[in-house]
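Please open the structure in your viewer and keep the selection tool at hand. The tour proceeds from one selection to the next and states what is to be found at each stop.

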Amino acid sequence: PDVNDLKKKTALRNSKEKFFFITLIVLNIVSIYYLYINPAIKPVKTVYIVLPALFFLNALRYLILPFKKVELSNYNKNDIGNYSKKEIIEMYNEVVESAKKNNDEIPTLYITFMPDQFAFTSNYLFFNFIKPLNAIYISEHLFFLLSKNEIKAILAHEMGHFRYYLNIFTQEKINLFLFFCLSTALLLLLSINPEKIYAQVLLYFIFYKIIQFLTVLLIFSNSKSDEYLSDYYAAIKYGKLPMINALLQTDQTAEMHIHITIAIAEYILKQDKYSFNDLLVVHDIIIKKLNHNFLNERQCRQKVKQLFDTQEIKDLASSIEDEERDFRDEEIKAMLDELKSKKGGQLINWDNFDFNVKDRKIDEIEYPYFIKTLLDNPDKYLFKIFIENITSENFDEHPSLRERILFLHKNIY
């Protein structure tokens with residue numbers, strides 16, 4: 001797509017969304033007023049207290065996210081990966097400098113410890129005074145993997161989402177949308193006839209499912225342009241090669257994790273002494289032992305086999321009952337079927353372009369050959385991961401790596 005067309009469509013979409021969102025707020029205010037002046041509905045006033053409470057509790061899940069995170073300023077080591085804490089603070093300050101000049105909101109930067117969850121943004125509107133709800137999250141793993149400009153490109157991409165391309169129907173703002181829609185529906189239904197509560201609960205449930213379905217459609221239909229434009233925002237600031245190489249490195253890591261998971265699962269299936277839960281434990285142990293190094297598929301299998309011979313993993317072994325083993329085998333086979341079905345087909349030959357410096361990255365000399373290889377091989381994949389194995393026609397939530405690279409190639413000269 002053309003970047004100017006995307007910007008126009010996004011601006012129009014955001015205007016419509018804001019109008020719709022304000023309309024919902026007005027409807028809620030009217031509903032609240034009607035509720036309080038109508039004596040017949042007084043017994044059910046407490047219902048409206050429950051809804052915002054539930055919404056707030058949903059927002060609070062970012063305070064107790066099910067993974068370890070730490071605010072950059074509170075990180076207790078001087079170095080993170082290949083960079084000092086001071087260097088990372090300087091990188092982030094550079095990325096958010098333009099936002100500071102415009103007196104825009106600045107998200108807090110958090111470091112996470114999930115090697116397979118690279119970076120994401122949270123912007124929660126009314127609760128942005130709570131730091132974890134107003135934040136950019138980036139994995140510690142990326143500081144071992146990426147160059148300075150590549151890290152800045154990732155941070156700028158997330159900042160692009162935070163400032164411009166995180167509309168009210170995407171990510172956490174979906175909760176606001178559903179809250180205002182559904183609370184209005186509930187209040188209006190209760191106001192019709194408070195005595196027929198069962199019929200109204202049924203109507204409310206039907207309305208909820210309709211709104212949920214429409215919301216999902218809106219999310220999926222809008223997310224692609226937000227990704228493209230956030231990539232563009234980052235590439236304009238730090239160059240398209242740092243942005244492209246950051247994407248290549250993160251997808252390469254995702255591919256390696258799939259290889260490792262498959263290798264562990266297949267090994268455990270042949271044993272009688274490991275449970276399904278042991279698979280997850282072994283995966284975490286192996287990822288830590290890799291120390292952020294990259295392995296290809298063959299090396300992943302070799303590494304898994306070696307580590308199953310170590311005492312640390314042997315200590316996990318225990319006898320399991322036939323029933324537990326049957327459950328394990330069923331779960332693992334289902335997981336393997338899913339993982340293997342999502343792996344890409346025939347791969348592009350990296351030797352066609354990764355020849356100047358064989359580092360699985362693209363430099364200025366290699367770039368023309370890289371683009372030519374992508375254009376000449378539309379049915380081949382860069383990596384064996386699901387995002388590269390599903391076409392844009394049936395996967396509208398997120399553009400593929402190929403689409404993102406060719407978008408930057410077309411729109412940045």
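Begin by selecting helix α13, which covers residues 322–342 and contains aspartate 326. The model in view is a predicted one. Now add Glu321, Glu323, Glu324, Glu330 and Glu331 to Asp326: together these residues make up a patch of negative charge on the surface.

Next, select arginine 328 and aspartate 329. Their side chains form a salt bridge, with 2.9 Å from N to O. Are these two residues buried or exposed? Both arginine 328 and aspartate 329 are buried.

**The loop after α13**

Move on to the loop between α13 and α14 (367–376), and select aspartate 354 there. Aspartate 354 has a relative accessibility of 4% and therefore counts as buried, since the cut-off for a buried residue is under 20%. Select isoleucine 365 as well: eleven residues separate it from aspartate 354 along the chain, and their C-alpha atoms are 9.5 Å apart.

Then select aspartate 351 and lysine 358. A salt bridge connects their side chains, at 2.9 Å from N to O. Lysine 358 counts as exposed because its relative accessibility is 60%.

**Strand β6 and its partners**

Select strand β6, residues 134–139. How many residues of β6 are buried? Six of the six are, so the strand is largely enclosed by the rest of the structure. In a regular strand, side chains alternate between the two faces of the sheet. In β6, Asn134, Ile136 and Ile138 lie on one side, while Ala135, Tyr137 and Ser139 lie on the other; all of these residues are buried, and both faces are covered.

Now add strand β5, residues 119–123, in which four of the five residues are buried. Strands β5 and β6 run antiparallel and are joined by five bridges. To follow this pairing, select asparagine 123, which stands opposite asparagine 134 of β6. Select also threonine 121, whose bridge partner in β6 is isoleucine 136.

Add strand β4, residues 108–112, to the selection. Five bridges join β4 to β6 too, but here the strands run parallel. Which residue of β6 is the bridge partner of leucine 109? The partner is isoleucine 136, the residue already met opposite threonine 121.

**Salt bridges elsewhere**

Side chains of opposite charge can pair when their charged atoms come close. A search of the whole structure gives 14 salt bridges. One of the pairs to select is glutamate 94 with lysine 152, whose side chains meet in a salt bridge of 3.2 Å, N to O. This pair links distant parts of the chain, for glutamate 94 belongs to helix α3 (residues 85–95) and lysine 152 to helix α6 (residues 148–163), 58 residues apart. Glutamate 94, at 34% relative accessibility, counts as partly exposed, whereas lysine 152, at 10%, counts as buried.

Select Glu227, Asp231 and Arg404 next. These three residues are linked in a network of salt bridges.

**The final stop**

Finally, turn to helix α1, residues 3–37, and select valine 30 within it. Add Ile22 and Val26 to the selection. With Val30, they form a nonpolar patch on the surface, and the accessible area of the three together is about 260 Å². For a last view, display this patch along with the patch of negative charge that includes Asp326.

Key: Residues are numbered from 1 along each chain as its sequence is written. This is a predicted model: local features need pLDDT of at least 70, side-chain atom pairs count only at pLDDT 80 or more; totals for chains, interfaces and linings use all residues. Side-chain values use heavy atoms; hydrogens and water are left out. Patches are made of residues with over 30% relative accessible area and no salt bridge: like charges are joined within 9 Å, nonpolar side chains (Val, Leu, Ile, Met, Phe, Trp, Tyr) within 5 Å. Accessible areas come from the Shrake-Rupley method with a 1.4 Å probe; for residues, only the protein chains shown count as cover. A salt bridge is a side-chain nitrogen of Lys or Arg within 4 Å of a carboxyl oxygen of Asp or Glu. Lys and Arg count as positive and Asp and Glu as negative; His and the chain ends are not counted. The place of a charge is taken as NZ of Lys, CZ of Arg, CG of Asp or CD of Glu. Helices (H or I, at least four residues) and strands (E, at least two) are DSSP runs, numbered from the N terminus. Buried means under 20% relative accessible area, exposed over 50%, partly exposed in between (1.4 Å probe, protein chains only). Two strands pair if DSSP finds at least two bridges between them.
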